[in-house]
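This report covers charged side-chain pairs, a covered helix and a nonpolar surface patch. The sequence and the model come before the discussion.

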Amino acid sequence: MTPEQYVQDKAARSGSSFYYAFLFLPPARRAAITAFYAFCREVDDVVDETTDAGVAASKLAWWRSEVASAYAGQPSHPVMKALMPHSATFAIQASHLQAVIDGCQIDLEQTRFLDFPGLSRYCHLVAGVVGEVAANIFGRSSEATVRYAHRLGLAMQLTNIIRDVGDDARRGRIYLPVSELQRFDVKASELLLRTAPYGYSDRFSALMRFQAERAHQTYDEAMALLPEVDRLAQKPGLMMANIYRSLLREIEIGGFQVLHQRTSLTPLRKLWIAVRTHWQGR
């Protein structure tokens, strides 16, 4: 299997909403974003799929050295072999990849966030930086597009957090800020129980409505930051935004039943949203 086949398989198997946006890119840009996305999946899987924290820490350390070796001209992993030919063309820097690893390190070492500023710093690493790299690959001519990409990355990560409250609780993690749990009088123990009807309450619903409203506001802020000159090039990002925002609305319509189940969109619906965005340009 070639490095290019490896990253393509990694992206396709994930079933991610990102994959559907990649389909509309020219070959070189599609190859670059597929390789970068595969890198993100590899390091994220270290934390999600490794039960021993010590082993996971060692694997993240290996990835840090692999990134350094790759930028020194000696990649060994198929993902880095696939990514490096595109790094100069699309301004993918070692610091970008190390920031993604930093975010995964936080996942490994921290299971709570005291307040929203703390959560935002984490989101910057695992989503904002990813958005910046994606925007560079899609093509941009304005610095304002970087600010848009970071804001959109935050909105999408907030959507992930809402969707995954139950899955994260199963792993002992709560990404909803402690200060906001206290504000709405929701106990961490209620979230950790997960199984319906435990954890569901008017208090929980109010907390989740607050989370959803902030995510919607962040999407709106991101769209307002996107300069018209880069709107056409950034169409894949708009596809991802529309898919994620549709998911958020689906969760809202379902009454935030996120503790015992994971809401998702069908592949066909994701593809339709991507195609519709491609046609409409927004």
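A salt bridge is here a side-chain nitrogen of Lys or Arg within 4 Å of a carboxyl oxygen of Asp or Glu. The model is predicted. Over the whole structure, a search finds 17 salt bridges.

**Salt bridges**

Lysine 10 and glutamate 42 are one such pair, their side chains meeting at 3.7 Å from N to O. Lysine 10 belongs to helix H1 (residues 3-14) and glutamate 42 to helix H3 (residues 27-49), so the contact ties together parts that are 32 residues apart in sequence. The burial cut-off is under 20% relative accessible area. Lysine 10 has 13% relative accessibility and therefore counts as buried. Glutamate 42, at 11% relative accessibility, is likewise buried.

A second pair joins arginine 41 to aspartate 44, with the closest N and O atoms 3.0 Å apart. Both residues are in helix H3; because they are three residues apart there, about one helical turn separates them. Arginine 41 is partly exposed, its relative accessible area being 22%. These two pairs do not stand alone: Lys10, Arg41, Glu42, Asp44 and Asp45 are linked in a network of salt bridges.

Arginine 262 pairs with aspartate 164, and the closest N and O atoms of this salt bridge are 3.2 Å apart. Arginine 262 sits in the loop between helix H13 (235-253) and helix H14 (267-280), while aspartate 164 sits in the loop between helix H8 (144-163) and helix H9 (165-170), so this pair ties together parts that are 98 residues apart in sequence. Arginine 262 is partly exposed at 43% relative accessibility, whereas aspartate 164 is buried, with a relative accessible area of 12%.

The N to O distances of the three pairs are listed below.

| Basic residue | Acidic residue | N to O distance |
|---|---|---|
| Lysine 10 | Glutamate 42 | 3.7 Å |
| Arginine 41 | Aspartate 44 | 3.0 Å |
| Arginine 262 | Aspartate 164 | 3.2 Å |

**A covered helix**

How many of the 10 residues of helix H5 are buried? Helix H5 spans residues 78-87 and is mostly covered, with seven of its 10 residues buried. The buried residues in H5 are Val79, Met80, Ala82, Leu83, Met84, His86 and Ser87.

**A nonpolar surface patch**

On the surface, Leu23, Leu268 and Leu271 form a nonpolar patch, and together they have about 280 Å² of accessible area. Of these residues, leucine 268 is found in helix H14. Leucine 268 has a relative accessible area of 66% and is exposed.

Notes: Residues numbered from 1 in each chain as written. Predicted model: local features only at pLDDT ≥ 70, side-chain atom pairs only at ≥ 80, totals over all residues. Heavy atoms only, no water. Buried < 20%, exposed > 50% of the residue type's maximum accessible area, 1.4 Å probe, protein only. Helix = DSSP H or I, 4+ residues; strand = E, 2+ residues; numbered from the N terminus. Patch = residues over 30% accessible without salt bridge, like charges linked within 9 Å, V, L, I, M, F, W, Y side chains within 5 Å. Areas by Shrake-Rupley, 256 points an atom, 1.4 Å probe, with all protein chains shown as cover.
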